[in-house]
Structure formats: structure tokens, C-alpha cells
Amino acid sequence: MASLRRSLISVCKILNSNRSSVAATSPQALFKPQYLWVSGFSSNTQLFDIDLSNEESKRQLFNRLIYRSKQRGFLELDLVLGKWVEEHIHSMDENGIKSLVHVLDLENPDLWKWLTAQEQPPEGLEKNPVFTALHDKVMNNLNTYSAPETRAMPGQPWVRGWDDIKKGRDGPIAGNQ
């Protein structure tokens, strides 16, 4: 709700500041995001506008990135990304932050499959230092704490259960009942 309020205040300031220049400006220029975060897999690559010059802007940026990494709506990624970003964001430079933003811009199911080696990640993503570090951490944890027989081979579905139908006389009609 606070971001909506800030957006509305920004729009009002723009519209009230100089009506003649606003009329000549394109709509894309009026509504561009504060940080030009565009995925590395997008055909429209724009430069990032990341301000690390003063402590206040750095704190705001770090808080936004930590929030984005912890509130993805995919519990496993919330836990893995949130913890990793909290531990490493303060030691990142501008290029590290750009790499993190590229990872945060990825879709949840694809990112999870790539981090857990269910599918092969795209070539450009394998060169991303943040993705590589996250992938190494996830695979290390999987190899340390999970039994090999509980995991599928690469390229196969990893988690089964919700839609399995157990055949047999005492089995459920559908699902895991």
C-alpha cells in the first residue's frame, strides 16, 4: 500500500511540475521504474540505475532486495534466497547487485528447477556469479542432508505426491488420500 501511495505522489508531482513538458514527453518516460531492472534474458536490455553513493540510498536498495528475495510466494525460494541475500548483500558491489537483480527477475518454478538441477539452466545464467553461488549452496545442502533415493535424476520431476494415484484394492480413488 505504501508503494502505491508513493507512486501516486510521484505521478502528481510529475503532472504538477511542468504541464507543458509533460505533454511533450512520451508515456514511457513518465512511468519508467525507479531502478531499471530488466532481466538478462529480455531482448530489451537497459542500463541499471543503482545508487550506492550514500548510506541512505544503499540501505533502501538493500532492504528492497532483501524483501524481494524473502517474499517471492514460493516457500522454498523464500527461505533459500532470503537467507543467502541477507548473508551476502552487504559485501556486494554494483556488479554483484546487478547479478542479484537478474536472478530475482527470474520466474519461481524455473529458478527452482535450475537451482536444484532438475533442468539445465540457460547459458547466460550459468555465468551469473549470484546464480552460481546459490546453485552451489543448494546442491551442497541437497547432497549433505537428503538421501539420494529421495531425489529424481536430472531432467525428471523431483517432487511427486500430490497427483500420484496409488493402484490397489486399498488405494485412494485419486490423489494422496
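## A walk through the helices, starting at Ile 97

Select Ile 97 to begin: leaving aside residues up to four places away in sequence, Ile 97 touches Ile 50, Leu 52, Leu 61, Phe 62, Leu 65 and Met 92. Contact here means heavy atoms within 4.5 Å. You're looking at a predicted model, where local features need pLDDT of at least 70, side-chain atom pairs count only at pLDDT 80 or more, and totals for chains, interfaces and linings use all residues. Residues are numbered from 1 along each chain as its sequence is written, and side-chain values use heavy atoms, with hydrogens and water left out.

Stay on Ile 97 for a moment. Ile 97 sits in helix H6 and, at 0% relative accessibility, counts as buried. Buried means under 20% relative accessible area, exposed over 50%, and partly exposed in between (1.4 Å probe, protein chains only). Now draw a distance to Leu 65: the two residues are 32 apart along the chain, yet their C-alpha atoms are separated by 8.8 Å.

**Zoom out**

Color by secondary structure and you'll find 9 helices and 0 strands in the chain. Helices (H or I, at least four residues) and strands (E, at least two) are DSSP runs, numbered from the N terminus. Switch on a surface next: the chain exposes about 12,300 Å², with carbon and sulfur atoms supplying 54% of it. That area comes from the Shrake-Rupley method with a 1.4 Å probe; for residues, only the protein chains shown count as cover. Of the 177 residues in the chain, 29% are buried. Among contacts between residues at least 6 apart in sequence, 49% join residues at least 24 apart.

**Helix H6**

Show side chains on H6 (94-104). Which residues of H6 are buried? They are Gly 96, Ile 97, Ser 99, Leu 100, Val 101, Val 103 and Leu 104, and they pack against H4, H5, H7 and H9. Click Val 101, another residue of H6, which counts as buried at 0% relative accessibility. From the C-alpha atom of Val 101 to that of Ser 69, 32 residues away along the chain, the separation is 9.6 Å.

**H6 against H9**

Add H9 (129-145) to the selection. The axes of H6 and H9 come within 7 Å and cross at roughly 65°, which means H6 is roughly perpendicular to H9. Axes are lines fitted to C-alpha atoms, for helices over the stretch in contact, and angles run from 0 to 180 degrees between N-to-C directions. Angles under 35 degrees count as roughly parallel, over 145 as roughly antiparallel, 65 to 115 as roughly perpendicular and the rest as oblique. Gly 96, Ser 99, Leu 100 and Val 103 in H6 meet Pro 129, Val 130, Phe 131 and Leu 134 in H9. By class, this contact has 6 nonpolar, 2 polar and no charged residues. Ala, Val, Leu, Ile, Met, Phe, Trp, Tyr, Cys and Pro count as nonpolar, Asp, Glu, Lys and Arg as charged, and the others, Gly among them, as polar.

**H4 against H5**

Next, select residues 55-70 (H4) and 75-88 (H5): their axes come within 7 Å and cross at roughly 155°, so H4 is roughly antiparallel to H5. On the H4 side, look for Leu 65, Ile 66, Ser 69 and Lys 70; on the H5 side, for Leu 77, Asp 78, Leu 81, Gly 82, Val 85 and Glu 86. This contact divides into 5 nonpolar, 2 polar and 3 charged residues.

**The core**

Time to go inside. The largest nonpolar core has 29 residues, and those with the most contacts inside it are Leu 65, Ile 97, Leu 100, Leu 111 and Leu 134. A nonpolar core is a set of buried Ala, Val, Leu, Ile, Met, Phe, Trp, Tyr and Cys residues joined through side-chain atoms within 4.5 Å. H9 gives the most to this core, with 6 residues. Center on Leu 111: apart from residues up to four places away in sequence, Leu 111 touches Arg 72, Leu 77, Leu 81, Val 103, Leu 106 and Phe 131.

**Last stop: Ala 117**

Finish in the loop between H7 and helix H8 (123-126), where you'll find Ala 117. Phi of Ala 117 is near 65°, a positive value in a residue other than glycine. Ala 117 counts as partly exposed, at 24% relative accessibility.
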